[in-house]
Amino acid sequence: MFVTLSGPAGGGTSTTAAALAEALGYEHVSGGDIFRSVADERGLTPLELNRLAEDDDEIDRALDRRQREIATDRDDVVLESRLAGWMAGEHADLRLWLDAPLHVRAERIADREDKPTNLAREETEAREGSEARRYHEYYGIDIEDRSIYDLAVSTARWDPETVLDLLREACERYDPADDEGGVVVDADYDR
């Protein structure tokens with residue numbers, strides 16, 4: 001089975017995806033880790049790399065192509081990134097979305113990156129605005145459109161163990177024979 005886990009920064013996707021992959025015995029592939037390593041290699045913050053990507057679409061497109069290739073070629077994977085559900089498209093068996101209110105996510109990011117919460121919030125809003133514009137320009141994707149996801153969970157409502165239990169249970173109970181058809185992902189990958 002191929003599972004995608006998506007959500008905004010600070011929503012808990014990275015931690016949850018790793019734990020879900022381990023619980024299922026699947027490989028975990030993180031788009032965020034790839035993006036952060038590219039930023040580090042260039043001596044940039046993720047926000048700075050996001051800004052560069054606004055002028056150089058190849059930064060995003062290379063990452064996105066890699067996600068499409070993984071979805072096409074592999075199985076028993078939890079692919080985690082903001083666009084994983086969109087990029088995996090028809091290859092995903094389940095598309096999951098994690099979210100939390102901006103103030104909660106900003107606090108989490110501030111704790112993780114040892115910075116003031118107000119700065120984390122400003123950077124997060126700027127990054128999300130930048131990404132949303134690029135996703136729409138590149139592929140016609142509205143990142144706010146949750147209709148492609150099979151399950152959306154607020155990580156601010158439950159503790160991490162309960163969130164993991166919910167997702168694991170959904171994955172374990174999924175039976176392709178009972179699937180009457182998921183949403184068609186309408187993205188123009190060649191735009």
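# Burial, helix packing and contacts

Student: In this predicted model, is S130 buried or exposed?
Tutor: The relative accessible area of S130 is 2%. The cut-off for burial is under 20%, so S130 counts as buried.

Student: Which residue has a side chain joined to that of S130 by a polar contact?
Tutor: S130 sits in helix 7. Its side chain has a polar contact of 2.6 Å, and the partner is the side chain of R134.

Student: Leaving aside neighbours within four places in sequence, what is S130 in contact with?
Tutor: The limit of four places sets aside R134, the polar partner of S130. Beyond that limit, the residues in contact with S130 are N50 and E54.

Student: Is D60 buried or exposed?
Tutor: D60 belongs to helix 4. Its relative accessibility is 6%. Burial requires a value under 20%, so D60 counts as buried.

Student: Which residues does D60 touch, not counting those up to four places away in sequence?
Tutor: R134, which also shares a polar contact with S130, is one of the residues touched by D60. The complete set is F35, A53, R134, Y138 and Y139.

Student: Which residues of helix 2 are buried?
Tutor: Helix 2 covers residues 31–41. F35, which D60 touches, is one of its buried residues. The full list is G31, G32, F35 and A39.

Student: Why can the buried residues of helix 2 be said to line one face?
Tutor: The view to take is the one down the axis of helix 2. Seen that way, the buried residues line one face because they fall within an arc of 100°.

Student: Which residues are exposed on the other side of helix 2?
Tutor: Exposed means over 50% relative accessible area. On the side of helix 2 away from the buried residues, those that count as exposed are D40 and E41.

Student: What covers the buried residues of helix 2?
Tutor: The cover includes both strands and helices. Among the covering elements are strand 2 (27–30), helix 3 (46–55), helix 4 (58–73) and strand 3 (77–80).

Student: At the start of helix 2, which residue has a backbone nitrogen that a side-chain oxygen of S30 reaches?
Tutor: The side-chain oxygen of S30 comes to within 3.4 Å of that nitrogen. The backbone nitrogen belongs to G32.

Student: What is the phi of G43, which follows helix 2?
Tutor: G43 comes after helix 2, and its phi is positive. The value is near 70°.

Student: How are helix 2 and helix 3 oriented relative to each other?
Tutor: Their axes are 9 Å apart, and the packing angle is about 90°. Angles of 65 to 115 degrees fall in one class. Helix 2 and helix 3 are therefore roughly perpendicular.

Student: Which residues of helix 3 do F35, R36, V38 and A39 in helix 2 meet?
Tutor: F35 and A39 are among the buried residues of helix 2. Together with R36 and V38, they meet three residues in helix 3, namely P46, L49 and N50.

Student: At what angle do the axes of helix 6 and helix 7 cross?
Tutor: Helix 6 comprises residues 102–113 and helix 7 residues 117–139. Their axes come within 8 Å. Helix 6 is roughly perpendicular to helix 7, and the crossing angle is roughly 115°.

Student: What is the handedness of the crossing in which helix 6 passes helix 7?
Tutor: The contact involves L102, H103, R105, A106, E107, I109 and A110 of helix 6, and T117, A120, R121, T124, E125 and E128 of helix 7. As helix 6 passes helix 7, the crossing is right-handed.

Student: How far apart in space are H103 and I70, C-alpha to C-alpha?
Tutor: H103 is in helix 6 and counts as partly exposed, at 45% relative accessibility. Along the sequence, H103 and I70 are 33 residues apart. In space their separation is 33 Å.

Student: What distance separates the C-alpha atoms of A19 and P160?
Tutor: A19 lies in helix 1 (residues 13–24) and is partly exposed, with a relative accessible area of 27%. Along the chain, A19 and P160 are 141 residues apart. Their C-alpha atoms are separated by 9.7 Å.

Student: Is D114 buried or exposed?
Tutor: D114 is in the loop between helix 6 and helix 7. Its phi is positive, near 50°, although the residue is other than glycine. With a relative accessible area of 73%, D114 is exposed.

Notes
Residues are numbered from 1 along each chain as its sequence is written. This is a predicted model: local features need pLDDT of at least 70, side-chain atom pairs count only at pLDDT 80 or more; totals for chains, interfaces and linings use all residues. Side-chain values use heavy atoms; hydrogens and water are left out. Buried means under 20% relative accessible area, exposed over 50%, partly exposed in between (1.4 Å probe, protein chains only). Helices (H or I, at least four residues) and strands (E, at least two) are DSSP runs, numbered from the N terminus. The arc is that of the directions from the helix axis to the C-beta atoms. Contact means heavy atoms within 4.5 Å. A polar contact is a pair of N or O atoms within 3.5 Å; within protein, one must be able to donate a hydrogen and the other to accept it, and residues adjacent in sequence count only if both atoms are side-chain atoms. Axes are lines fitted to C-alpha atoms, for helices over the stretch in contact, and angles run from 0 to 180 degrees between N-to-C directions. Angles under 35 degrees count as roughly parallel, over 145 as roughly antiparallel, 65 to 115 as roughly perpendicular and the rest as oblique. A crossing is left-handed if the near helix is turned anticlockwise from the far one by less than a right angle, and right-handed if clockwise.
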